[in-house]
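Biologist: Please take a close look at the side-chain pairings here, beginning with the salt bridges. I am new to this structure, so go step by step.

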Amino acid sequence: MELDKISNLPGHVIDQILSQLSIKEAVKTSILSSKWRFKWATLPHLVFDNQCFPVSSQDQTIVKNKLVSIVDHVLLLHNGPIYKFKLSHRDLLGITDIDRWILHLSRCSIKEFVLEIWKGQRYKMPSSLFLCQNLVHLELFNCFLKPPLTFKGFGSLKSLDLQHVTLAQDVFESLISSCPLLERLTLMNFDGFAHLNINAPNLQYFDIGGDFEDISFEHTSSLAVVSIGLYVNVGNDIKQVYSNSSNLLKFFVHLPVIRRLEVQSYFLKYLAVGILPGRLPIPCVNLNYLSLRINFNDSEEVLTALCLLRSSPNLQELEVLARPEELAAVAKVINFQEDDHSSCTLNQLQLVKIFGISGTQRELNFIKLVLLASPVLERMTVKPASIDGSWELVKELLRFRRASMIAEVIYLDP
């Protein structure tokens, strides 16, 4: 008889094969041989998603029953540690069975937990979640968090991803500050709190998008990558409240090693509130990538952008996306030609992308300033918002002098 190669594969090879399969496919390997029969039951990573059990029925009861049956069956037969558990299905509602599963996982030294509720109301996380003290990665979508009073934080957590979540102001601040090893934090579309006080000494990556009033950092000397989007415009009442302070200075004071910054939506307008210095007291010497969403009709936003450029001596890549809005009340007319470009030297800048412009004089003056201040620039790509006046824009771009002998200006047809 020929040698049964499948049955005689080394155990670590079988484990590697099973790790590449979905739960559904892994269970099917039970028919290969007696050695494979319950090998899937030792998988440390369990992922229940659309690929695992595609459900065609529109009846939510059928979907729920099938989902519960599959997860219960797998957990019942599982033998060994569970390090990762992911539950994400397009038809998943917040069902009480999830409480049972989380309670079971809290006794399994779970390290990575992902729960995405795609339909229905926020799902209130059970108190048993906060017993999972070995968690390294936690990811929640469409959930409500209220830890028990006995909760002292996740001592091992390094990555936290919260999207479409609800939690109180004190809960948020306590959660962040009580995760001493936290390195990555993602917050998207949250409610229940509006003041973001980020106190995380090991934080390296921070990505946020939502509606908030204020943001500040404490003990974030390791934070290197920041992406922030403020989804609502900053009102005049906010400007009056902070007129004697500076959002820009407050934002950067605890970011000494920031390397990559993305300013999205209306956050540049937030940074422009209050006193605007010509440059930051301490330059961002590590910043090599800067992305700005800007309204060139807003003088404060333009001045804020110039301050960031003057304060980033080692910037290598710049992306600017124009945010067309109604004409803002202009408090100060900015003439880039009169502004000595030597005060804004971008000696390391190599790549520039400027998208969404309409060819206004302010936009052209900004482009001219960047070209004159960048002696090692390799490529500037310009893409207007529409074809209106595009030929005139091309002619203006061709006329601009460049500090770099090798710089090419690429015009992309909108």
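Modeller: A residue is called buried when its relative accessible area is under 20%, exposed when that area is over 50%, and partly exposed in between. By that measure, Glu 301 and Arg 323 are both buried. The model is a predicted one.

The side chains of Glu 301 and Arg 323 form a salt bridge, with 2.5 Å from N to O. This pair links distant parts of the chain, as Glu 301 belongs to helix H9 (residues 299–310) and Arg 323 to the loop between strand E14 (317–322) and strand E15 (351–357), 22 residues apart.

The structure has eleven salt bridges. Another of them joins Lys 64 to Asp 97, whose closest N and O atoms are 3.9 Å apart. Here too distant parts are linked: Lys 64 is in helix H3 (residues 60–77) and Asp 97 in helix H4 (residues 97–105), 33 residues apart. Lys 64 has 35% relative accessibility, so it counts as partly exposed, whereas Asp 97, at 12%, counts as buried.

Asp 72 and Arg 100 also meet in a salt bridge, at 3.0 Å from N to O. Because Asp 72 lies in helix H3 and Arg 100 in helix H4, this pair ties together parts that are 28 residues apart in sequence. Both ends are partly exposed: Asp 72 at 27% and Arg 100 at 41%. Lys 64, Asp 97, Asp 72 and Arg 100 are linked in a network of salt bridges.

Charged groups also sit over rings. The charged end of Lys 111 is over the ring of Tyr 83, 5.0 Å from its centre. The charged end of Arg 184 is over the ring of Tyr 205, at 3.9 Å from the ring centre. Tyr 83 is also among the residues that Pro 44 touches beyond four places in sequence, along with Pro 81, Ile 82 and Lys 84. Pro 44 itself is in the loop between helix H2 (23–28) and strand E1 (45–48), and it is partly exposed, at 28%.

Next come the pairs between rings. There are 15 aromatic pairs. In one of them, Phe 151 and Phe 154 meet edge-to-face, 4.9 Å from centre to centre and with 65° between the planes. Phe 151 and Phe 154 are both buried. Phe 172 and Phe 193, by contrast, are stacked, with centres 4.3 Å apart and 10° between the planes. Phe 172 lies in helix H5 (residues 169–177) and Phe 193 in the loop between strand E7 (184–188) and strand E8 (195–199), so their pair ties together parts 21 residues apart in sequence. Both of these rings are buried.

Helix H5 also holds Leu 175, which counts as buried at 4% relative accessibility. Beyond four places in sequence, the contacts of Leu 175 include Phe 151 and Phe 154, as well as Leu 145 and Leu 160.

A further set of ring pairs links Phe 206, Phe 212, Phe 217, Phe 251, Phe 252, Phe 267 and Tyr 270 into a cluster. Phe 206 and Phe 251, together with Phe 113 and Leu 115, touch the most other members of the largest nonpolar core, which has 113 residues. In soluble globular proteins, nonpolar side chains tend to be buried together.

One kind of link is absent: there are zero disulfides. The cysteine sulfur closest to that of Cys 307 is in Cys 284, 8.7 Å away, and therefore too far for a bond. Cys 307 is buried, with a relative accessible area of 0%.

Notes
Residues are numbered from 1 along each chain as its sequence is written. This is a predicted model: local features need pLDDT of at least 70, side-chain atom pairs count only at pLDDT 80 or more; totals for chains, interfaces and linings use all residues. Side-chain values use heavy atoms; hydrogens and water are left out. Rings of Phe, Tyr and Trp (its six-membered ring) pair if their centres lie within 6.5 Å; planes under 30 degrees apart count as stacked, over 60 as edge-to-face and the rest as tilted. Buried means under 20% relative accessible area, exposed over 50%, partly exposed in between (1.4 Å probe, protein chains only). Helices (H or I, at least four residues) and strands (E, at least two) are DSSP runs, numbered from the N terminus. A charge sits over a ring if NZ of Lys or CZ of Arg is within 6 Å of the ring centre and within 35 degrees of the ring normal. Contact means heavy atoms within 4.5 Å. A disulfide is a pair of cysteine sulfur atoms within 2.5 Å. A nonpolar core is a set of buried Ala, Val, Leu, Ile, Met, Phe, Trp, Tyr and Cys residues joined through side-chain atoms within 4.5 Å. A salt bridge is a side-chain nitrogen of Lys or Arg within 4 Å of a carboxyl oxygen of Asp or Glu.
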